[in-house]
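Q: I'm new to reading protein models. Could you walk me through one?

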Amino acid sequence: MSQPIVEVRNLNFAYPDGTAALTNISLSIEQGEAVALIGANGAGKSTLLLHLNGYLNPSSGEIRIGGTRLTRETAAAIRQAVGMVFQDPDDQLFMPTVGEDVAFGPLNAGLPSDEIEQRVTSALDRVGKKHLKNRPPYKLSAGEKRAVAIATVLAMSPDVLVMDEPSSNLDPRGRRRLIEQLRSFEHTRIIATHDLELVVEVCSRVIVLDGGSVVAEGSAVALLNDEPLMLAHGLERPHILRHLHPHC
Amino acid sequence: MGLETWIEVSRMDELGRQDTPVHRIDARVKTVTTLLFIILVMSFSRYEVSALTPFFLYPVALLFLGQIPPRSLLMKILVAAPFALAVGLFNPFLDHRPVSAIGTMSISGGWLSFVSIMTRFLLTVSAALVLVACTGMHRLCAGLERMGVPRVFAVQLLFLYRYLFIIADEGSRMLRSIELRSAGSKHLRFRVYASLVGHLLLRSMARADRVYQAMLARGFDGQMRVLHPTPLRWSDWVFLLGWTAFFVAARTWNLAGMLSGPFMKGAS
Amino acid sequence: MHMADALISPAVGGTMWAISGGIMAYCARRVKESLKDNLVPLMGVLGAFIFTAQMINFSIPGTGSSGHLGGGLILAVLLGPHAAFLVIASVLTVQAFFFADGGLLALGCNIFNLGFYPAFIAYPFLYRVIAQDRYVSARAIFAAMAAAVAGLQLGAFSVVLETKASGLSDLPFGTFVLLMQPIHLAIGLVEGLTTAVVVSFVARARPEVMPTASSLAGMPVNARPVLLGLLMATVFAGGILSWFASTHPDGLEWSIAKVTGKEEVAGRESGCASAHRRCRKQQPSCLITISKRQQKPLPARSHPMKQTIPRRGRRGMPAHRFRDLRVASSHWLW
């Protein structure tokens, strides 16, 4: 099936006070792809992500997830298909224990309790944190919180995983684990991040945002290697590429 | 503050999440038993002392069976004690009329009512603390909800509890940064205070927005749902009925009086 | 002021629990019916905020004492009366469970005293009427101070009534009132000013979260919980005043008699208590006067109403902002 799983056409969004945040954004993402959304602070990455599950509504333009147009009526179903992991795990772990947080999504979907149990176990297992099931969130380390936050979304069996700055505040080991996990997921992955080294390791494609519009799009290595392009948009060429073979 | 107090809160929560026979008793049963305990203790008349003493069995028993270190509870009781102490301590100084005697020493009504107040205080406070330490906030709120407390309120308790540490942590970080720039002064002027509180409020509201986003993203539609609960077991019933019988007996007859016979006879 | 279990009779405690519980159930239903489902996280986080804010103190120049935000009024402004009442109740509940503040029996009284008056009387009838939606103005300051003072005065008076009705303290009614009301007047003024300043701060930074005139007009305060609460309070007060008219010396027995119809709970004819009771029946003029009340020196989370007298440290020592155990224990001997 060649229909892209995420399709955005001519999206425009302005804040209530009138300032334009996103201008004429169009992009399409195939199933199973890992795409990075990069740009300087204030470029509009988070704003764009919040459109993908209907939290924000565009002023004009349309969004299609798996072919279905995103509207107020379809938002609930689309939220099951598009799992969003936010920047601060403390904002997403709001239940008394990890297990209940992971069960929150499936519960809201109205699944029967034995299936919920099974999803919780497999989601936690997927991120390697099954032993944390009865732990309260304030007793987790940053890396554990991040992993559990991802599990809360995995339990909903989404088709698309959207993540905002997943590697922030992680120590090197936690970050390495995260990268390995992201590489192992089969879901479509859309990652907004400043961690350009992570992009090189995980993503095949990159979309560069600046001032609310898409300024470049293409193969991750090719664009990230393009030093003038990177510098022009508040980024830089990641060190990891300086040491790779030029043809990689 | 701040951080010392929160360490206490998290310690209480840790105690509450242990797994002992007492912890496994249903939260509803423990809550009802504790409430009954408090009501019966408070229903004694103001000068009663000896009849109150058997009631100590309840918190002490739970303390040991629940593997709760007595020292942590004692610390909290000591912290809360000054209030009852302050109010009660005036009685002995103002009521000098002797009403009974131990041996040849006479006891005034004031001392008696003071000791009664302090005994009551000790009993009720330790019962409440032991309840939380043996149950944990999470199970307690779930139990409260099943006893009829509105879900909105039970959820509110859990959310408050969850974000307490985070907001308090933010607050103490802001305060520390102010202190570091205050040239050693420990005074917090009103304008600085208002600004600190205002900022903390804004950050709290922003956090609430983000939590709401996260909830929506996982399908929240306004209604909090819970997994199915476990039914009461025979051990729960034994706990409830056993302690109720004991409390009623201790309230109806002065068990200590029976045991200690001539020691505390009234002056009549 | 936080009531303690040690001074409450089951009759008073139970009555207040019934009242508070009824109001809580009503508020829970209203919150659920409101279409604002972002209230769930907002109420929780604001509850945590109020908890924290109550622990931060600022120094009041010239008096050597300190003050802090109570929070009832701010919650009412930001959330509306029903949600605010629930948040206040939740803060008090956590305090009761974890810090032995007040106790479980007295919790019903505390929720009513500290929640009902700010949320359902002071906010709708004073603050909203005076300030409307002009949160950044002198009018708002006046509104907040009036509302805070009214709320605290009513709450403090309720404390007096509840304590006297329980009959375990010997403070005479008049002395008690004279002690509580002026102090809470001062506390109310400080609370009102603090509330006004913080509200104007938020209104300037994020005007979109503050209720506007149009949304206020569309949100009528339902009179039912207010009337119910006032009715219960009136009945209660009426009962207390008639008690004073009688010469019954033992208040506890009076409350028990009124509630159960029996003169006293299955009595013991031995022990000190009955001896004293017989003694008092012979001397009904025995009145114990307590000349002054010591403050509650709890560290951290005390509500302004718990402090009956502004806290003073030892001479020359400034009041700490975040109180800790060491400081509290050295401060209460004054």
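Q: What should the 19 residues of helix α4 of chain C span?

A: First, the ground rules. This is a predicted model, where local features need pLDDT of at least 70, side-chain atom pairs count only at pLDDT 80 or more, and totals for chains, interfaces and linings use all residues. Residues are numbered from 1 along each chain as its sequence is written, while chains are lettered from A and ligands numbered from 1 in the order in which they are written. Helices (H or I, at least four residues) and strands (E, at least two) are DSSP runs, numbered from the N terminus. The expected span is 1.5 Å times one less than the number of residues. For α4 (residues 81–99) of chain C that gives 27 Å, and the end C-alpha atoms are 26 Å apart, which agrees.

Q: Is α4(C) mostly covered or mostly open?

A: A residue is buried if 20 or more other C-beta atoms, placed from the backbone, lie within 10 Å of its own. In α4(C), 19 of the 19 residues are buried, so it's mostly covered.

Q: Which strands form the open sheet in chain A?

A: Strands pair through backbone hydrogen bonds, either parallel or antiparallel. Here two strands count as paired if DSSP finds at least two bridges between them. The order is β2-β1-β4-β5 in chain A, with antiparallel pairing. β2 (20–29) and β5 (68–69) of chain A each have a single partner strand, so one side of each is left without a neighbour in the sheet.

Q: How many bridges join β1(A) and β2(A)?

A: Six, in the antiparallel sense. For instance, Val6(A) stands opposite Ile29(A), and Glu7(A) has Ser28(A) as its bridge partner.

Definitions and conventions: A residue is buried if 20 or more other C-beta atoms lie within 10 Å of its own, exposed if 12 or fewer, and partly exposed in between; C-beta atoms are placed from the backbone.
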